[in-house]
Amino acid sequence: PLLAGGPSIEATIEPGPATDGAPWTVLTVGGKTDLPDRAILSVFLYDESGDRPVLVDQGRCETQAGAFSITLARTNGPPLSGTYRAEVAFDPSRQRDAVLEGMKPPPTSESRVSATFTIGAPGDREKDIAREKERLRSDLQALSALADELSKRLQEARASGFDKSAYATWQ
């Protein structure tokens, strides 16, 4: 059996838990299948917005009650706009014996299906990249300030005659 109905994959963007006021975004890839329960599927997520596809994330999930679902591509904030492709693969060589025994005739080769979807509007990707560069620049500035503060505190501790035996033990 192949995945039911050919490329029957649903891809949705769902907000996840928030940290520091910035919402996490996750991409859940799921669909329906006629494979037995506990069949292992490999799921790949590609960004196809550039000259060649770029693997964004991958994972494995199991089928249950004729369906599958996996959460991929956790991002801190909204994902980059663009064209994405989710690919789902069923490889008989990676299955438990019980899964293959339930399939008549047992498959001998890998089956793959894919679905393409778009996030955002044309032209939004450049804005998203600029937003991400600014976020990264801000994060690097915060890390640099933290390193400066730690260096200052270390110098103060050394100047005040810190416990050298405790430092040697810690090292």
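## Arg85 and its surroundings

A residue counts as buried when its relative accessible area is under 20%, and in this predicted model R85, with a relative accessible area of 15%, is therefore buried. R85 is placed in strand β6, which covers residues 82-90.

The side chain of R85 makes a polar contact, at 2.6 Å, with the side chain of E87. When residues up to four places away in sequence are left aside, R85 touches F44, L45, Y46, E48, P53, S114, A115 and T116, and two of these residues, F44 and Y46, also appear in the aromatic pairing described next.

## Aromatic pairs

A pair of aromatic rings is described by the distance of the centres and the angle of the planes. The count comes to two aromatic pairs. In one of them, the rings of F44 and Y46 have their centres 6.5 Å apart and their planes at 25°, so the pair is stacked; F44 is buried at 16% relative accessibility, and Y46 is likewise buried, at 18%.

Y84 and F117 form an aromatic pair that is also stacked, with 6.0 Å from centre to centre and 20° between the planes. Because Y84 lies in strand β6 and F117 in strand β7 (residues 111-119), this pair ties together parts that are 33 residues apart in sequence. Both Y84 and F117 are buried.

Note on methods:
Residues numbered from 1 in each chain as written. Predicted model: local features only at pLDDT ≥ 70, side-chain atom pairs only at ≥ 80, totals over all residues. Heavy atoms only, no water. Helix = DSSP H or I, 4+ residues; strand = E, 2+ residues; numbered from the N terminus. Buried < 20%, exposed > 50% of the residue type's maximum accessible area, 1.4 Å probe, protein only. Polar contact = N/O pair within 3.5 Å; in protein donor to acceptor, adjacent residues only side chain to side chain. Contact = heavy atoms within 4.5 Å. Phe/Tyr/Trp six-rings, centres within 6.5 Å; stacked < 30°, edge-to-face > 60°.
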